[in-house]
Amino acid sequence: TLFRSTGMFYGCFSLTSLSFPNTFRTSLITDMNNMFAECSSLEELNLNQFDTSKVTNMAYMFKGCYSLKKLLINTFSTSQVLDMSYMFSGCSSLDEIDINNFDTYKVISMRNLFSKCESLKAINLSKFDTCNVINMESMFKDCSSLKDLYISNFQTSSVKKMNSMFQGCSSIESLLIDNFNTSNVIDMGNMFTGCSSLISLN
């Protein structure tokens, strides 16, 4: 029985495909950090059979999966997850991602969650609950193709770090952040640096 899958396939640079048999049980796993990190040749990954209901750590889970074009995780249960730092960071070939089902109520850190996702044109986070998030540092940093970002529902009253949050988002033309509560933020350095197409900030 698995309880941790930390770094399970970390650095499998030559792995181009990966599938899991029905006997691969994940129902007791609490830690999946770095599980597929730096699998830089992996092009497609279907994890919809994973039971992630007990997982608390998904940090760095797909970090550096540069070739990943298709990622199926829309059945993930994330209700216990505390850390999503760098989860998709460096997934530079991924042009779409469906995470509308994610329950993020308990998440504390979203630092670098989508950083360097250079092919993503749209990210819909309208169902994200961010009321307990403390760190949003570099969350969308260097998402250079991003044009549509739905974050108007974000609750940011607990956030302390927003530095470099949108840095390098050079294609985005408008941002709706009038709902942002920044009363506890201590760092906003470089928050919009390199947003060269930005026309409207509300």
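Here is a short chat about aromatic rings and a surface patch in this predicted model.

Visitor: Before we start, what kind of model is this?
Guide: Residues are numbered from 1 along each chain as its sequence is written, and side-chain values use heavy atoms, with hydrogens and water left out. Local features need pLDDT of at least 70 and side-chain atom pairs count only at pLDDT 80 or more, while totals for chains, interfaces and linings use all residues, as this is a predicted model.

Visitor: How are the rings of Phe 9 and Phe 20 arranged?
Guide: Rings of Phe, Tyr and Trp (its six-membered ring) pair if their centres lie within 6.5 Å; planes under 30 degrees apart are stacked, over 60 edge-to-face and the rest tilted. By this rule there are 14 aromatic pairs. The centres of Phe 9 and Phe 20 are 5.9 Å apart and their planes stand at 75 degrees, so this pair is edge-to-face.

Visitor: And how do Phe 88 and Phe 114 pair up?
Guide: Their ring centres are 5.7 Å apart. The planes sit at 10 degrees, so the pair is stacked.

Visitor: Is Phe 114 buried or exposed?
Guide: Buried means under 20% relative accessible area, exposed over 50%, and partly exposed in between (1.4 Å probe, protein chains only). Phe 114 has 0% relative accessibility, so the word for Phe 114 is buried.

Visitor: Then what does Ile 134 count as?
Guide: Ile 134 sits in the loop between strand E3 (122-124) and strand E4 (148-150); strands are DSSP runs of at least two residues (E), numbered from the N terminus. Its relative accessibility is 35%, so Ile 134 counts as partly exposed.

Notes: Helices (H or I, at least four residues) and strands (E, at least two) are DSSP runs, numbered from the N terminus.
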